[in-house]
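Thanks, everyone. I would like to spend a few minutes on how two parts of one chain meet, so please have the model open while I talk.

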Amino acid sequence: QVSKPRRSSNSSGESSKESSRCSTPVLDADRSDRLRDKMRRRIESGDHWFSLEFFPPRTASGAVNLISRFDRMGSGGPLFIDITWHPAGDPGSDKETSSMMIASTAVNYCGLESILHLTCCNQTKDKITGYLGKAKHLGLKNIMALRGDPVGADWEEEEGGFNYAVDLVKHIRSEFDDYFDICVAGYPTGHPEAESYQQDLRHLKEKVDAGADFVITQLFFRAETFLKFLDDCRTIGITCPILPGIFPIQGYQSLRQLVKLSKLEVPEEITSILEPIKDNDAAIRNYGIQLAVEMCRVLLDSGKVPGLHFYTLNREVATMEVLRQLGLWTEDPRRPLPWAVSAHPKRKVEDVRPIFWASRPKSYIYRTQDWDDFPNGRWGNSSSPAFGELNDYYLFYLKSKSSKEALLQMWGEELLSEESVFEVFTFYITAQSNRCGQKVLCLPWNDEPLAQETNLLKDELEKVNRRGVLTINSQPNINGKPSTDPIVGWGPAGGYVYQKAYLEFFTSSENVTALLKVLKKYEPRVNYHIVNVHGRNLTNAPDMQPNAVTWGIFAGREIVQPTVVDPVSFMSWKDEAFALWIEQWAKLYEDESPSRMIIQYIHDNYFLVNLVDNDFPLDNCLWQVIDDMFELLDSPAAPPCEDATP
């Protein structure tokens, strides 16, 4: 049974950099998770940081790709990301391409601290209030308050709306008090519509005095331009953090378009280099990377710039290379918990989950989004709350990143038998090319290549998948590895982590009949739960209580038990796991086609099994359990199969 560990203050000596990475929140609930406080801690410690800007895509497939990019670029440790507001794209709607939904997905499903842009353009006060209320409900805590670009050539006043960003800042503070952290824009050369540079500085101070917490600047091309602007801001009493907006030049046309929108002039020393190579994208990108690196080094070396904000144009190569050369891209292998953490404020106390969704964390978060609270004792008994339905398997943050054509190449243009399916699983485990020369990079239950931890079991997994034990989740037994271990480590440094061996798979009713006979001699060491799509349910879980399968011991804390096998929630997971056979695999094929009928047969007749080896200090016995099952099946007196039929 899962105990209910109390939270204690941080006594592990973590640096502020480790404790404020947006992708690695701390376990301590009493530490402030406000963005402005994270910035303050980083400034006080002298740690540099970076942040990233993205814009909403135009298409649903673009949204899928962008969410994948969030996961990849989030691994480098940005302090936050921000999402621009596009008035023409219905930005406050529930469309998968809206600014609101992209920002919400980044927070809730990717675990990224996010800022939502909000503009005054063509919006009434009531409409803005509605958007802010919706943002709060979705877990968004940060707003970038902007006037916005006019729809036409000139700004037109909106009746009952705002004409200046300062009015929007005042409105946010008036209606929502101190809930949101507010960012505003600064212009190192002055806003193009301002009467003068000095007047624009005064307008910026008005925005800060009205309640803005920090400033992000428009792009610029010379480090001295920003440093002068920073000094001028400090001179007139603007004391909040001011982050330089960095634009790595990635293409000639994109630079021209951005300069046109921002009404900036590119210095002659840059255009003279770009013109001769304007048709060579690789050369321009390489030049842009080096130019950005040189400028950023000057800014950071000044001692006045704590963080850098990158305009990515939704691309990753150039920005990631700049950050690597600066030493700011740090893929910290340590995780706060063994599973991906949501950045939604109401989930900050969540520290235990069933292991079944290990490879589908976004689905788990979606299905538990309406839970009111996340006490760590929630899994202490079998009365776990209801999971939300997952009727739409094509929610954009759950879609496969691969196209239908790519999935067919990986999983088979045509399936000939159940053994064809066994091969797909085996090729996924081994990372070898299939008969068509295509690597199998994902399965319906996992849209990513194998995790490093799973590779520890690769040989055994390959052997059982070849024989129709189709594994979708597993973990090795671990007995006191350091929490800093690059493969299985999690939590603060100086701790130790433990795991029970776990194996979850689909297999035939014939195999299950033999497995049940074999398991009798492994009780009580091995707990099992076996269920089919029709609800036939076989388990030896005592009193349907959860079984902790991952835990950690850290200085100054009670034992943390973040991962469990819970028999009750397994039945909710069962519905999803079986449905993925149909929703993501069978539907690739025509109705009544042999390929579709093979997947349908597996869906209808196979069982979903999970096994836990409770004796974690000893060698994993689950492989011997499977070997014994096959030995029994291969013996002349093999058991009849009717015992496990639906």
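What you see is a predicted model, and I will begin with the polar side of the interface, where two residue pairs are found in polar contact across domain 1 and domain 2, both at pLDDT 80 or more. On the side of domain 1 that touches domain 2, the elements giving two or more residues are α3, spanning 60–74, and α4, spanning 99–108, and it is α3 that supplies the largest share, with seven residues. Sorted by character, the residues on that side are eight nonpolar, four polar and two charged.

Turning to charge, the rule finds one salt bridge across the interface of domain 1 and domain 2. Asp-71 and Lys-362 form a salt bridge in which the closest N and O atoms lie 2.9 Å apart.

Let me now step back to the domains themselves. The domain assignment gives domain 1 as three segments, 45–151, 159–251 and 281–326, while domain 2 runs over 353–634. Taken over C-alpha atoms, the centres of domain 1 and domain 2 are separated by 40 Å.

As for the extent of the interface, 14 residues of domain 1 are in contact with nine residues of domain 2, and the two domains bury about 1000 Å² between them, with 66% of that on carbon and sulfur atoms. Which residues of domain 1 lose the most area to domain 2? They are Val-64, Glu-96 and Tyr-109, which together account for 58% of what the domain 1 side buries.

Methods
Residues are numbered from 1 along each chain as its sequence is written. This is a predicted model: local features need pLDDT of at least 70, side-chain atom pairs count only at pLDDT 80 or more; totals for chains, interfaces and linings use all residues. Side-chain values use heavy atoms; hydrogens and water are left out. Domain bounds come from an automatic or database domain assignment. Contact means heavy atoms within 4.5 Å. Buried area is the accessible area (1.4 Å probe) that two parts lose on being put together, summed over both. A salt bridge is a side-chain nitrogen of Lys or Arg within 4 Å of a carboxyl oxygen of Asp or Glu. A polar contact is a pair of N or O atoms within 3.5 Å; within protein, one must be able to donate a hydrogen and the other to accept it, and residues adjacent in sequence count only if both atoms are side-chain atoms. Helices (H or I, at least four residues) and strands (E, at least two) are DSSP runs, numbered from the N terminus. Ala, Val, Leu, Ile, Met, Phe, Trp, Tyr, Cys and Pro count as nonpolar, Asp, Glu, Lys and Arg as charged, and the others, Gly among them, as polar.
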